[in-house]
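Work through the exercises below with the sequence and the 3D structure at hand. Try each task before reading its solution.

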Amino acid sequence: MKLFKKILNLLFPRKIKCIFCGRDITNFDEKPYCSDCEKEGFFNNSEFRCKCCDTPLPVNEGYCYHCKTSHKDFNKATAPFIYTGNIKKIVINFKSNNAKYLAEPMGKLMAERLKHEDFNFDIILPVPLSSKSLKKRDYNQSELLANEISKIFDKPLRTDILCKIKETHHQKELGFSDRQNNLRDAFNINSPKDIKGKKILLVDDIMTTGATANQCTKILKKYCDEVYVVTFARRDINNREKQLFSLKNLLKSTKKKKQELH
Ligand SMILES: [Zn+2]
Ligand SMILES: [Zn+2]
């Protein structure tokens, strides 16, 4: 079937628009972006990435500074893109400008990432919005992405299990622990028996400090076994962390030089 689809694409190429720059492209290989955008630095594919939250790392350190210093309750998180440049634009467009058509290509790229990372899960849950936010926005962007992933993996999507029962303040200026406090008691679980002993895939559009995913995981893990997280994009490593890594490297190389001199 896949081969048939490929041949059909070659014979009758569909004209689509690059999801990042909007340019017309022919989808010979079914990638929803153009070759110029493919060279952009917004793919989260650097050689070293945090084993827990997928943050790109300048050196092979295993875990990012953030995961080393504040424990994450989820088993592992992944994101195919870094939240920067055109990625920011399409995420904002998707969630605030009614660009629901982006759910399909975005969900597909997230599913590819999940296959590549070999994530294993039984049920898919989107990070919920409060009823007030849902009314205002009309749709939950994470649910649209989760729905695409559910179709591709043929795994059940449940939107009735995890609910957001408290309206929270904007988190933009807050760090991880303040965000955790802001989200305390914000989520609730319905039908806990349905997730008992299961592996859950939690879906969101972006991950910043990981506080939202972590707070959802805390309540889910009262009943389920494992929680994996996928977002379309994630925050890049911040300057403070970069400085810490380069300082650490400097110390390492000075130590080595000293040993060589002795
Ligand atoms: Zn493009
Ligand atoms: Zn990390």
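**Exercise 1: Two aspartates in loops**

Task: Decide whether D118 is buried or exposed, and then treat D154 in the same way.

Solution: The relative accessible area of D118 is 66%. A residue counts as exposed over 50%, so D118 is exposed. Keep in mind that the model is a predicted one. Next, locate the residue: D118 sits in the loop between α5 (103–117) and β5 (123–126). Then look at its backbone: phi of D118 is positive, about 60 degrees, although the residue is not a glycine.

Repeat the steps for D154. Its relative accessible area is 69%, which makes D154 exposed. D154 belongs to the loop between α7 (141–153) and β6 (162–164). Its phi is also positive, near 55 degrees, and D154 is a residue other than glycine.

**Exercise 2: The loop between α2 and α3**

Task: Find where G62 and T55 lie, and classify each as buried or exposed.

Solution: Start with the position of G62, which is in the loop between α2 (35–38) and α3 (65–69). T55 is found in the loop between α2 and α3. Now compare each value with the cut-off for buried, which is under 20%. G62 has a relative accessible area of 10%, so G62 is buried. T55 has 0% relative accessibility, so T55 is buried.

Task: List the contacts of G62 and of T55, leaving aside residues up to four places away in sequence.

Solution: For G62 the contacts are R49, C50, K51 and L57. One of these, R49, is 13 residues from G62 along the chain, and the two C-alpha atoms are separated by 7.2 Å. For T55 the contacts are F48, R49, C50, C64, R234 and I237. As a check on distance, take T55 and A186: they are 131 residues apart in sequence, and their C-alpha atoms are 26 Å apart in space.

**Exercise 3: Cysteines**

Task: How many disulfides does the model have, and are C21 and C34 buried, partly exposed or exposed?

Solution: A disulfide needs two cysteine sulfur atoms within 2.5 Å. By this rule the count is zero. For C21 the relative accessible area is 36%, so C21 is partly exposed. For C34 the relative accessibility is 4%, so C34 is buried.

**Exercise 4: The whole chain**

Task: Describe the secondary structure and the compactness of the protein chain.

Solution: First count the elements: the protein chain has 10 helices and nine strands. Then compare the radius of gyration with the globule rule. The chain has a radius of gyration of 20 Å, and the rule gives 18 Å for 262 residues; the two are close, so the chain is as compact as a globular protein of that length. The C-alpha trace spans about 70 × 50 × 35 Å along its principal axes.

Task: What share of the residues is buried, and what share of the contacts joins residues at least 24 apart?

Solution: Of the 262 residues, 46% count as buried. Among contacts between residues at least 6 apart in sequence, 69% join residues at least 24 apart.

Task: How many positive and negative side chains are there, and where do the centres of the two sets lie?

Solution: There are 50 positive and 32 negative side chains in the protein chain. The centres of the two sets lie 3 Å apart.

Methods:
Residues numbered from 1 in each chain as written. Chains lettered and ligands numbered in written order. Predicted model: local features only at pLDDT ≥ 70, side-chain atom pairs only at ≥ 80, totals over all residues. Heavy atoms only, no water. Helix = DSSP H or I, 4+ residues; strand = E, 2+ residues; numbered from the N terminus. Rg over C-alpha atoms; globule rule 2.2 N^0.38 Å. Buried < 20%, exposed > 50% of the residue type's maximum accessible area, 1.4 Å probe, protein only. Contact = heavy atoms within 4.5 Å. Lys, Arg positive; Asp, Glu negative; His and termini not counted. Charge placed at Lys NZ, Arg CZ, Asp CG, Glu CD.
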